[in-house]
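Let's take a walk through this structure together, one piece at a time. Keep the 3D view open so you can follow along.

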Amino acid sequence: METKNEINVIIAGVGGQGNVLASQILGQLFVEQGYKVTIGETYGVSQRGGSVMSHLRLSGNEQVSPIIPKGLGDLIVALEPMEGLRILGQFGNPDVQVIVNTRTLMPMSVMAGETQYPDINSVLQLIQTNSKSMWTVDATQIALDMGNSILSNIIMLGAVAATNILPIDQDKLFNVFARTFPPKYVELNRKAFENGMESLSSRT
Amino acid sequence: MKNSAKDNLKQQVIDQQKCTQCGACVNICPYTEYYEDRIIPLYHCDLQEGSCYDICPGTPTDFKALQSLMFDKQDITSEIGSVKEFCITRSSDQDIRINAQHGGTVSTLISLALSEGVIDAAVLAGEQDVLLPKQTAVTDSSRILEFAKSKFVVSPTVAEFNALASKNEVQKIGVVATPCQALALAKMRLSNDPRIQANIKKLKLVIGLFCGWTFSWEALKKVIDEHVGLKNVLGMDIPPSKYHNLKVFTPTGETDISLDDLMPCINPACNSCIDMTAEFSDISVGSARLKEGWETAKSWNHTLVRTIAGEKLIQTAKSHGLLEFKDVPEGNLEKLKRAALNKKENLE
Amino acid sequence: MNMIVSNKTGETALFMGNEAIARGALEAGVSICAAYPGNPSSDIIKALAEVGPEMGIHVEWSVNEKVALEVAASAAMTGLRGLAAMKQNGLNVASDFLLNLNLSGIRGGLVLVVCDDPGGISSTNEQDSRLFAKMGELPLFEPSTFQEAKDMVVEAFELSEKLELPCLVRSVTRLSHARGNVELGSLSTNEVKPFFDRSKPFINIPSPTNAHKGLRQKFSKCREIFENSPYNYYSGPENPELMLVTSGAGLFYSQDAVRCLDVSKRTGILKVGTTSPLPEQFLSKHLIKTQTIIFVEDGGPFLEGNIRELCAGRPEFSNTKFLGKLTEDLPPVGELTPDLIIDLLCKKLDIEFIPRSAEYSEAVKAAVQNNTPERGSGFCAGCPHRATYWAIKKALIRDGRDGFVLGDIGCYGMGAGPAGYQQMNTMQAMGSGVGIASGMGLLEQFGLDQPVIAVCGDSTFYHGAIPALLNANQHGSNFLLLILDNDATAMTGFQPHPGLGKDAMGRQVPSVKIADICRAIGLEPEIQDPYDLDTTIKTIIRLLREKQGAKVLILKRECALVAVKSKAPAFSISVDAEKCLGDDCGCNRFCTRTFRCPGLIWDAEKKQAQIDQAVCTGCGVCTQICQHQAIISEAS
């Protein structure tokens, strides 16, 4: 009964992880690849340390809502594991695919010692159980090895590309990089993307 | 959600006006502080078991356990606790007598304890504002007289003890304490909390003060200001009950303020106190009562020796000639017991 | 290359709704753009300010929204084009001017963009600003797509100039803050020489009624124009079982619902882009196609009420059912979502939508419930507001008279929550804390014996607190005003304000110091660094007790997010592992649990406090709160 001709991607993380930038880069790319793109973002006070998510929707002919209807996620890019699980609650379905940055970020209540962060393995297990497939990437570590944790969102984009779930044209993507980043950071981001791709493909 | 220790302390003691501002719950954690004669819970703590509740003199106490821990069984009386010796004393040093409240016994004993090395610091009450006591730790016996006068508002003595005991520099501490403060210190001996245990090991001497009641600072300030002007207060004294007044010493002489005017200023917590003689001390000291009348009696002290440590200190004072002793008139001990019993019974 | 100023007509850009609006203004040849920051509207002026010098236009962050609208109107009074942008609360501030300007009219083009925030995602209220268009009898455009967000602004300028009336464009968060494809038009090359024609003054007296007659005529003319607007259209079967009548982002949700449920043969969508004045003939023509109409619109029942008014008493609609917020078929409060429309359509069309099995739903619900603690928002590491609220809390408790704090919105508004130890007790309009305090400080004569504190930020002080403080001093109100001066309009994205010495386009401009304004009012402020907790606490207590009248304490410390960019941390902070007794301390994790700084964290393995060096800004405030002085700072 359901007819769906769009691809629904959710990039989820914590304020400050670069989730808006990641969705913008992908969005820009797909505009150039001829798609109708709609991106919805959670903004507001939640940006300071709160959960944030971007809904990135690709459609062939008409623009769609910036909010994905319940249960209709196709791909979840979790910049933080617990945020990935949180998204499944509203947008997950047995066919959803999930790519997880395994590095955890503690909520204030956990940092304060009031609550506990759930066991990381059980979080990943729950994501795995409730999705069609799950990939894990220690994107933050790769980024830190490259010198700056800020690169982890681009590394995650590389991992996304490696899964072939999205029709990413790499040359066009690097053109977007060239227009998005200051010249001296273009190469670094390109490298981050490639490292992200490699981290995923090398394991399969 | 179950109440935390702090919640219970607030509900059962502070909100019931049973808090004497002794300071026991201050400086063992950052959640509570003493400020201008008030114990104030600043932040919420969700610990269900907290020492703050256990050591508060306003919470239920196992008196029997405390007595058997601190005193010789045969010395214990039901009215005034342990009594090894009851004497009338005063300082041999006239300077001390002049500066001190009555006979100067407390100042003499603290000074001696410091110079003999019984303690290396004493927690005494000075003043931080007019009539408002401030606790100070003193290590130099020559400073004792700065703190010699009676205070009429409870000082957060135990808070200062807590702070001092948790420092490494000090190993042996003496405290001059009101009955509630002495009880708080005594309750620490029963604590399971390793920090409290470590602290209380350093407590080597408690000199207790007889106490009928104390005043609330804000209220007292107001009444005194109305009568003599706050800035004119040089000192105060409460003579025996038949006079029924508070004496205020001013640059121009003495003013008597009727206790009727001061009754509303009494710290409400004192109404639930059953201990007049500071039973959980090594030595307790109060003003003497003599046939010769108040003019003579006011330069002497009633002194109750309660423990072996107290006995030793009194003996040293005697052998060094630092204290003068006077024969205890017949019936004085009975009168004291009656008065103390009266306080216990009034409450019941 | 910034696409906002791209010359490539016909090219497709990915624009945020707000960027599309900004691009529209450039295509329309705007000369002056003014706004006061406030989400979801802030990005419009941000985008324009970045290209202002290059495009030869004036772009400013005004002191408040009323002034912004006045500045933008100046262009339109001289034949140029002006744009003002604001959030819903801002329009309330500007409304006094707007509801005079509607009568006096303008010459050039004036477009007022108002971005509503249904659900109050980044606001203290939710309101439907479209009512101002009805009240002011002004043309109103409601873009539904990113393309329309751009195109309608161009159209609104044309119409404004034609009718000599300000036009409103109403966006919502889900359009302003979302992104989508926008095909570019050409940038304007029009050059207009401004001229103020003294023979045609903008004055409504002696007869505002006559002016109102003129407005009515323009409004009628506008209705005729809207009858043929391309922004109003119907799509669907000729006689649908039901029709979704929608405006704004409601179109997205309606289309998503129809597509998800595959009911395009049973359901029509009547999309209205010009919602004031309503194109009555256009609407009548389409509404007649069905007997069940569902209104899908964000905000209040604006279309719903107006269309029902239009159909009332007309026999052709006597059997029509109107469903929406008035009938509570859709929630009358909060934000619309596609799910709400899907659910309602399922109910009305008697169908089911099962994107996933019930078992799956239950499984993920349980997984989420037990494993995803909320990420509450809080002050950043090093935020001076944290220190300020810590001091306020301690000062009020010590003072002991149950004092309270009157405030408003800004980062410091988080003082109402756990981040600020629940210290703020009121939060309404910008500067309202000071205004309420001006009254509250007079209530002692009626027996109010609690001390009064008002707080406001630096940007808020300029925006809305100055008249209140002036009033307070004139009437001898007794309270303490704390101005939390962090040299930033931080909440909305660091826009300059009159105290900072630079403007929206980065030019050096004169700055006006808050302390100087206070002095001019007749109040000598004290200035204190909130990082010094002890002195701040003592100063607050002293000022609360000291004397009658209004007292001002400026708590001055640069926003940590700004400071971290310009200078190295003053201190290197660490936890002395010897001194921190951890869970054995008995402090019950006081520093992490109570102080709540993201840079000071509980190390669950070592069972000790720890500084997260990646987050810590070296402010050193936490070194003042440990009773064992276990948090130490070294000059770095």
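**How the chains meet**

Start where chain A meets chain C: 55 residues of chain A are in contact with 49 residues of chain C. Keep in mind as you look around that this is a predicted model. Which elements of chain A give two or more residues to the side that touches chain C? They are α1 (19-32), β2 (36-41), α2 (81-91), α3 (108-111) and α4 (120-129). The most comes from β2(A), which gives six residues to that side. Sort the residues on this side of chain A by class and you get 25 nonpolar, 21 polar and nine charged.

Stay with β2(A) for a moment. This strand pairs with β8 (residues 179-183) of chain C in the antiparallel sense, over two bridges. To find the spot on screen, look for A:T38, whose bridge partner in β8(C) is C:G180. As background, strands of a sheet pair through backbone hydrogen bonds, either parallel or antiparallel.

Now for chain B. Here 13 residues of chain B are in contact with eleven residues of chain C. The side of chain B that touches chain C holds nine nonpolar residues, one polar residue and three charged ones. Two pairs of chains are in contact, and chains A and C are the pair that shares the most contacts. What about chain A and chain B? No contact joins them, and their closest C-alpha atoms lie 10 Å apart.

**Inside chain C**

Next, zoom out to chain C, which has 20 helices and 24 strands. Its C-alpha atoms fill a box of roughly 80 × 75 × 60 Å along the principal axes. For 636 residues, a compact globule would have a radius of gyration near 26 Å, and the 28 Å of chain C agrees with that.

One feature to hunt for in chain C is an open sheet of six strands with parallel pairing, in the order β16-β15-β17-β18-β20-β19. Why is one side of β16 (426-427) and of β19 (526-528) left without a neighbour in the sheet? These two strands of chain C stand at the edges and each has a single partner strand, so there is no neighbour on the other side.

Within this sheet, strand β18 (residues 479-485) and strand β20 (residues 550-556) of chain C run parallel and are joined by seven bridges. One place to look is C:D485, whose bridge partner in β20(C) is C:K556. Helices pack on the sheet too. Helix α14 (residues 384-399) of chain C touches β15 (404-407), β17 (452-457), β18 and β20 of chain C, and its direction makes about 160° with that of β18(C). Helix α15 (residues 432-440) of chain C also packs on the sheet, touching β15, β16, β17 and β18 of chain C. The direction of α15(C) makes about 160° with that of β17(C).

**Back to chain A: a pair of helices**

Finally, return to α1(A) and look for helix α6 (residues 152-163) of chain A. Their axes come within 9 Å and cross at roughly 40°, and the two helices are therefore oblique to each other. The crossing of α1(A) past α6(A) is right-handed. On the α1(A) side, the contact is made by A:N19, A:L21, A:A22, A:I25 and A:L26, while α6(A) brings A:N153, A:M156 and A:L157. By class, the residues of this contact are six nonpolar and two polar, with no charged ones.

How values were computed:
Residues numbered from 1 in each chain as written. Chains lettered and ligands numbered in written order. Predicted model: local features only at pLDDT ≥ 70, side-chain atom pairs only at ≥ 80, totals over all residues. Contact = placed C-beta atoms within 7 Å. Helix = DSSP H or I, 4+ residues; strand = E, 2+ residues; numbered from the N terminus. Nonpolar A, V, L, I, M, F, W, Y, C, P; charged D, E, K, R; others polar. Pairing = 2+ DSSP bridges. Axes fitted to C-alpha atoms, helices over the stretch in contact; angles between N-to-C directions. Parallel < 35°, antiparallel > 145°, perpendicular 65-115°, else oblique. Left-handed = near helix turned anticlockwise from the far one by under 90°. Rg over C-alpha atoms; globule rule 2.2 N^0.38 Å.
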